[in-house]
Amino acid sequence: MEKNWPLWEVFVRSKNGLEHRHFGSLHAADEAMALENARDVYTRRSEGVSIWVVESKHITASNPKDNGELFEPAQDKIYRHPTFYDLPDEVKHM
Amino acid sequence: MSEKEIKNLDEIFEQRIARDEKIEPKDWMPEKYRKTHIRQISQHAHSEIVGMLPEGNWITRAPSLRRKVALLAKVQDEAGHGLYLYSACETLGVSREELYDQLHSGKAKYSSIFNYPTITWADIGAIGWLVDGAAIINQVPLCSTSYGPYARAMIRVCKEESFHQRQGFEIMMTLAQGTPEQKEMAQDALNRWWWPSLMMLGPTDAESVHTAQSMKWKLKRKTNDELRQQFIDQTVPQAELIGLTIPDPELKWNEERKSYDFGPIDWDEFWQVVKGHGPCNKIRMEARVGAWEEGEWVRDAAMSYAEKQQNKKTKQAV
């Protein structure tokens, strides 16, 4: 075998109005085959109305090791949430 | 990393699992966790792939178009399940080629039940009803296992599996209600598949070496013996309903336990089949390896075509 088929990530929109969601991955020689395989592997029971495929090597992912500096600073910024602000009881909806 | 640091990470890791947190591919994990998962998920994937072979045997000879489309769809699902599981396994840093190589070289195992032959049409009914039935009992608890990609794959698998069992039971029911010869054929299939189905749920708890660790990692939520009892208790009334007899003279309802007592399982047979001496081990692997090798030129051609198209595109862009 000369070269193995690369890995692709599959995203499926289950119906219009919803976003594409990651469904899984598969191997295919090119994008056309990746789409065809994604249809057979991930949408055999009308799970979707639209498919995206992207070669896995094009995805850049954050590293869980950096989760502290990436995500923890948000925890003490409670002023970004509406419940941080005091309002008089008379104001019913805001 | 020092030994102390690793021990510390180990403890944090075990606590995360105890809190029902999911582990995702890029998270730190103990090497043993990674290896155990590669082994279990790949065995599971291999079983789906090899599992297509005994059923594929009957696609061209299904007794009606209705049965044929159902069987085709079922076998296609098994291929899909194999693919979900292989890609879940690859997130642990093992390549698809390594996984195939382990299967083809005999280094990796697959469920030994697929080393039994499908000699009559009723075997297709028995496989759906009993083998998929036992598989569901094994698989449902895995939907909440600790490794995220495995749990997600299992949710998809379980959703699709119940059609498999129902189509099998329907085949058995139809045969059991048919001519005496058809009923006999159904009974014969049940006789041959019953014991291997019980073995499929794994060695007894006393013999099972991985149970304790697997329970901790939620790779298992019930022991093999508990799952086996559950399978027996749910299947016996189904057999009675369609007038078939479970081939176990010692099978008896135990009012105190609210469960069925059953006769001894022939574990020698189980280990013989696991070790490669079942009736079909050799032809299963020949079929699988043959398909892979004969397909090589197709895979290569597809790759060459893809590269050629890519080069064309690059040239046009310049």
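**How the labels are earned**

From the N terminus on, the elements of chain A run β-β-α-β-α. This is a predicted model, in which local features need pLDDT of at least 70 and side-chain atom pairs count only at pLDDT 80 or more, while totals for chains, interfaces and linings use all residues. Residues are numbered from 1 along each chain as its sequence is written, and side-chain values use heavy atoms, with hydrogens and water left out.

Me: What makes a stretch of chain A a helix or a strand, and how many of each are there?
Reply: Helices are DSSP runs of H or I with at least four residues, and strands are runs of E with at least two; chain A has two helices and three strands.

Me: How do you know that chain A does not have the radius of gyration of a compact globule?
Reply: The radius is taken over C-alpha atoms, and the globule rule is 2.2 Å times the number of residues to the power 0.38. For 94 residues a compact globule would come near 12 Å, but chain A has 21 Å.

Me: Why is B:C89 called buried?
Reply: Buried means under 20% relative accessible area, exposed over 50%, and partly exposed in between, with a 1.4 Å probe and protein chains only. B:C89 has a relative accessible area of 0%, so B:C89 is buried.

Me: Why is B:C89 in no disulfide?
Reply: A disulfide is a pair of cysteine sulfur atoms within 2.5 Å. The closest cysteine sulfur, in B:C143, is 17 Å from that of B:C89, which is too far for a bond.

Conventions
Chains lettered and ligands numbered in written order.
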